[in-house]
Amino acid sequence: MEFPIHRPRRLRRNENFRRMVRETRLSVDQLVLPLFVVEGQNVVNPVGSMPGVSQLSIDRLVVECREVRDLGIPAVILFGIPDNKDENGSEAYSENGIIARAVRAIKAEVEDLLVITDVCLCEYTDHGHCGVVVDGDVDNDSTVELLAREALVHARAGADMIAPSDMMDGRVDGIREILDEEGYDNVPILSYAAKFASSFYGPFREAAESTPQFGDRRSYQMDAANGDEALREVEMDLDEGADIVMVKPALAYLDLIWRVKQSFEVPVAAYQVSGEYAMIKAAAQNGWLDEERVMMESLLAIRRAGADIILTYFAKDAARLLRS
Ligand code: PBG
């Protein structure tokens with residue numbers, strides 16, 4: 001491959017050449033918008049650390065979902081913030097919990113939009129941990145039972161896909177079993193399979209009011225140093241019946257998106273998390289980065305690494321850009 005015979009610049013000379021040889025494409029079909037639901041009427045509470053993102057009451061959520069659908073985005077993922085939190089997160093698995101009501105409202109009023117529900121307890125417990133705390137740590141097996149009940153409540157309300165984000169061992173199995181028993185064998189599971197204990201979740205915890213009141217999540221979420229373990233987690237979740245596996249966060253873990261996609265022939269999702277979004281927004285607000293370009297470049301990089309699906313707070317902005 002010797003110069004001057006080979007001149008790679010020939011195919012970069014203008015946009016038509018570049019379009020023709022472009023290897024990776026981003027499409028609106030691949031985007032999922034995360035949304036935060038709160039109690040009340042006509043509530044739009046902007047999240048300070050996530051410009052452009054707000055907590056929404058159910059009536060406003062329905063309006064937002066219509067707009068998302070009209071932009072061609074195929075799915076949203078819902079996070080619920082209840083008024084009342086307790087030790088065991090009981091609002092999470094109450095038939096009339098915030099997510100159950102939100103799903104019913106969207107399903108009644110917005111066609112052609114998939115509603116994915118995040119299944120976890122951290123937004124519902126008063127201590128902010130993702131499960132039942134026993135002797136200062138999250139107890140795995142009793143938590144899995146509650147997560148399964150939460151998933152069932154979501155499925156009964158009409159959720160199209162269940163997304164457990166808690167990182168308990170065996171939870172995909174527990175959720176799959178109860179869904180099948182109760183006749184929801186057609187509801188797929190998108191598992192947060194390789195979810196790291198990451199400081200990039202900071203702004204989300206403000207949005208979801210889910211900061212742990214003591215300690216941190218390192219006894220259940222993965223150590224940032226571990227790649228092989230991420231593959232083992234993914235393999236276990238697939239064995240337990242996960243339909244789609246997710247790597248989270250995205251940009252700092254592109255190597256794992258790549259490894260997961262190369263190792264397993266299944267749909268892979270990646271979550272561009274709150275901190276990734278906040279960094280770009282903050283730099284753009286300071287005039288330090290071009291927001292649109294950095295947004296598209298980061299989404300494209302996540303695609304190039306192997307993600308088939310991207311959960312991102314930029315979904316609407318990206319969809320608009322992709323249209324124009
Ligand atoms: C709940 C959950 C979290 C995120 C998604 N689901 C927070 C956490 O684990 O603390 C983070 C998403 C984001 O940062 O955008 N367990």
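## Exercises on a predicted model

E150 sits in helix 4, residues 140-157 (helices are DSSP runs of H or I with at least four residues, strands are runs of E with at least two, both numbered from the N terminus). This is a predicted model, where local features need pLDDT of at least 70 and side-chain atom pairs count only at pLDDT 80 or more, while totals for chains, interfaces and linings use all residues. Residues are numbered from 1 along each chain as its sequence is written, and side-chain values use heavy atoms, with hydrogens and water left out.

**Exercise 1.** Work out which residues E150 touches and which side chain of opposite charge is nearest.

*Solution.* Start with burial: E150 is buried (under 20% relative accessible area; exposed is over 50%, partly exposed in between, with a 1.4 Å probe and protein chains only). Next, look for a salt bridge (a side-chain nitrogen of Lys or Arg within 4 Å of a carboxyl oxygen of Asp or Glu). E150 has none, and the nearest side chain of opposite charge, R149, is 9.8 Å away (Lys and Arg count as positive, Asp and Glu as negative; His and the chain ends are not counted). Finally, list the contacts (heavy atoms within 4.5 Å): leaving out residues up to four places away in sequence, E150 touches A92, Y93, D118, V119, C120, L121 and Y124.

**Exercise 2.** Find the salt-bridge partners of K316 and say how far apart in sequence the paired parts are.

*Solution.* The structure has 21 salt bridges in total. One of them pairs K316 with E64, at 2.9 Å between the closest N and O atoms. K316 is in helix 11 (residues 315-323) and E64 in helix 2 (residues 58-70), so this pair ties together parts 252 residues apart in sequence. K316 also meets E67 in a salt bridge, 3.4 Å from N to O. With E67 in helix 2 too, that pair ties together parts 249 residues apart in sequence. Now check exposure: K316 and E64 are both buried, K316 having a relative accessible area of 15%, whereas E67 is partly exposed at 33%.

For another bridge, try R218 and D216, whose closest N and O atoms are 2.9 Å apart. R218 is exposed at 63% and D216 is partly exposed at 36%. Back at K316, shared partners join E64, E67, K316, D317 and R320 into one network.

**Exercise 3.** Locate the unusual backbone geometry, starting from the cis peptide bonds.

*Solution.* Most residues other than glycine have a negative phi, and most peptide bonds are trans. A cis bond joins F3 and P4, with omega about 10 degrees; P4 is in the segment before helix 1 (15-21). K248 to P249 is also cis, with omega near -10 degrees, and P249 is in the loop between strand 10 (244-248) and helix 8 (254-263).

Then scan phi. D135, not a glycine, has a positive phi of about 50 degrees and lies in the loop between strand 6 (133-134) and strand 7 (137-138). M167, also not a glycine, has a positive phi of about 70 degrees and lies in the loop between strand 8 (161-164) and helix 5 (171-181). D135 is exposed at 80% relative accessibility, but M167 is buried at 4%.
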